[in-house]
Structure formats: C-alpha cells, structure tokens
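Reader: Got a minute to go through a structure with me? I'd like to talk packing and aromatics.

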Amino acid sequence: MTPEFLTGLGVEAGRELLQVLAVMLGLLFVPGARPIRRYLLLAAIVMFPFSTDYTFLGSPHDGWTGGVSISIADVPMTILAVIVLAERRRTPGRLFRSFAWLFAACALSLANSTARGFSIYQLILLLQLGILYWLVFSRAIQSADDLRAVTLFLSVSLLFQGAIGCSQFVVHRNFLWFVTGTRTGQSIELGDVLRVFGTIGKPNGFACYVVPLLCLNLAMLNDPPTRRRWRLLAALVGLCALVFSFSRGGWLSAAVAGLVYLFLQFRANRK
C-alpha cells in the first residue's frame with residue numbers, strides 16, 4: 001500500500017465518519033428518541049438504506065451479497081443486542097421458530113448449489129439480518145409507546161430519503177452520500193430527466209424502499225394531530241421522490257396500495 005493510497009483511504013473514512021456523526025447528532029432532536037434503546041432503533045432505521053458497508057470476506061460472484069459484510073446500521077443494532085441480552089428476557093418462541101424455519105428453508109439451497117462458498121456467504125448474511133433486524137429488533141419493542149415511536153422513526157426515514165431524492169431531482173445530479181469506496185450509484189437519464197436514487201444508489205431499489213414506508217404513513221394518518229403532520233409531510237415528500245425515481249414497478253405498487261387504502265377508508269366511513 002502506497003502512502004497516497006493510505007492518505008486517500010483516511011480522507012474517505014473521515015468523510016464517511018463526519019457524515020454519519022452529523023446524522024446521529026441530528027437524530028437526537030427527533031421526538032421520542034429517548035431512552036437509549038429508542039435512539040439506537042432510530043439510528044438503525046434511518047441508516048439502514050445507507051450504502052456505508054464493509055466487506056471482510058469477499059466472493060468473486062455477483063449477487064445480492066458479495067461476501068460477509070457489516071453495514072453502518074449494524075453498529076447501533078449490535079449495541080442494542082448487547083442491551084437486550086443483558087436484560088435476560090426470554091425470546092418468544094414464535095419469533096425464534098419463524099426465523100428458524102426461514103433459515104432452514106434457505107439452507108436447502110446448499111444442496112444443489114454450484115458455488116458453495118457464495119451460498120454460505122448468503123446464509124451468513126441472512127443469519128446476521130435475522131438476528132439483528134428480526135429477533136433483536138422485535139425484542140427491543142416492549143410496549144405500545146415503543147411501537148408508536150418505531151412507526152414515527154420509519155416516517156423520519158421516509159422524510160430523510162425523500163428529501164435527498166427530491167434534492168437530486170432539483171439539482172439534476174445524483175450525489176451518493178453515506179457510501180463506502182468509490183461507488184457513484186446507477187445514474188440513468190430519461191431524456192432530460194434524471195432518475196433519483198436517494199442513498200441507495202439504484203432508482204428501482206430506492207423505489208422498493210420508499211413504497212412500503214409510504215403505505216405505512218398512509219395507514220397511520222389517523223394518529224394524533226402532531227404526529228399526523230409529520231406523517232403527512234413524510235408521505236408527500238416520499239411520494240415526490242417516488243415519482244422522480246421513474247420506477248414503473250414502484251408507481252404500480254404504490255397505486256395499488258393507494259386504491260386499497262381509499263377503499264378501506266370509504267368502507268370505514270360508511271360504517
């Protein structure tokens with residue numbers, strides 16, 4: 001490794017650290033981000049779609065994982081896992097069984113795999129995601145207030161991603177923040193229009209992240225007025241970003257979900 005390479009690596013790591021620290025400081029002012037358990041959940045939710053990840057066991061194959069990786073969102077979730085384990089609370093059997101069956105079903109793919117090493121990496125990543133974002137995440141939600149806080153945090157994530165997507169559309173440039181390495185994202189132009197991709201780096205992947213959160217915000221619009229304003233703002237900004245992604249699959253799924261929501265609201269009002 002040359003001194004120039006190490007210097008560039010240090011500058012890049014410092015830039016990534018400053019960006020993440022700025023976000024984490026801003027999250028301190030989000031309503032409901034107390035105590036530390038909720039703050040860690042908030043940080044993980046907001047940073048989950050970031051492209052800041054580090055691969056320490058690589059694979060020559062292309063796919064949804066190129067090896068065993070750790071993302072920036074895994075850090076607060078790992079701290080939260082330590083807190084949850086220290087409480088020595090029993091994990092509900094239904095949580096463990098559902099994850100065990102999913103992992104076992106995926107493990108069957110090893111039987112006919114022509115790339116055993118690659119398949120093992122995928123299973124390790126699945127195990128990592130299942131433990132942190134299913135078992136630990138579920139156990140960290142201990143009350144109705146925790147659940148309401150988490151749904152608000154998901155609205156914050158939608159608002160954050162939507163604001164970045166709308167900014168990319170306005171300046172007509174896909175800047176990829178919170179990214180490891182030299183990746184610049186998948187910039188696709190449709191004539192004079194640029195498809196936005198938030199912090200994910202791919203327009204279709206960005207739409208896949210926005211649509212479920214958009215549906216959640218629509219479903220939670222009956223919240224008290226204060227939170228309803230947050231949800232409505234997040235839904236409007238997220239919807240604009242979804243439109244600017246020019247993902248036809250995202251548009252279609254959002255349209256279907258919107259029609260179902262309007263039908264359910266109409267039926268509820270008639271009663």
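Author: Sure, let's go through the cores and then the aromatic pairs. This is a predicted model, where local features need pLDDT of at least 70, side-chain atom pairs count only at pLDDT 80 or more, and totals for chains, interfaces and linings use all residues. Residues are numbered from 1 along each chain as its sequence is written, and side-chain values use heavy atoms, with hydrogens and water left out.

Reader: Okay, which residues have the most contacts inside the largest nonpolar core?

Author: Leu-27, Met-77 and Leu-80, in a core of 33 residues. A nonpolar core here is a set of buried Ala, Val, Leu, Ile, Met, Phe, Trp, Tyr and Cys residues joined through side-chain atoms within 4.5 Å; buried means under 20% relative accessible area, exposed over 50%, partly exposed in between (1.4 Å probe, protein chains only).

Reader: And what does Met-77 contact, leaving aside neighbours within four places in sequence?

Author: Ala-44, Leu-132, Tyr-133, Val-136 and Phe-137, with contact meaning heavy atoms within 4.5 Å.

Reader: Switching topic: how many aromatic pairs does the structure hold?

Author: Four. Rings of Phe, Tyr and Trp (its six-membered ring) pair if their centres lie within 6.5 Å; planes under 30 degrees apart count as stacked, over 60 as edge-to-face and the rest as tilted. One of them is Phe-50 with Phe-160, tilted, at 6.0 Å centre to centre and 40° between the planes.

Reader: Is Phe-50 buried or exposed?

Author: Phe-50 counts as buried because its relative accessibility is 6%. Phe-160, at 25%, counts as partly exposed.
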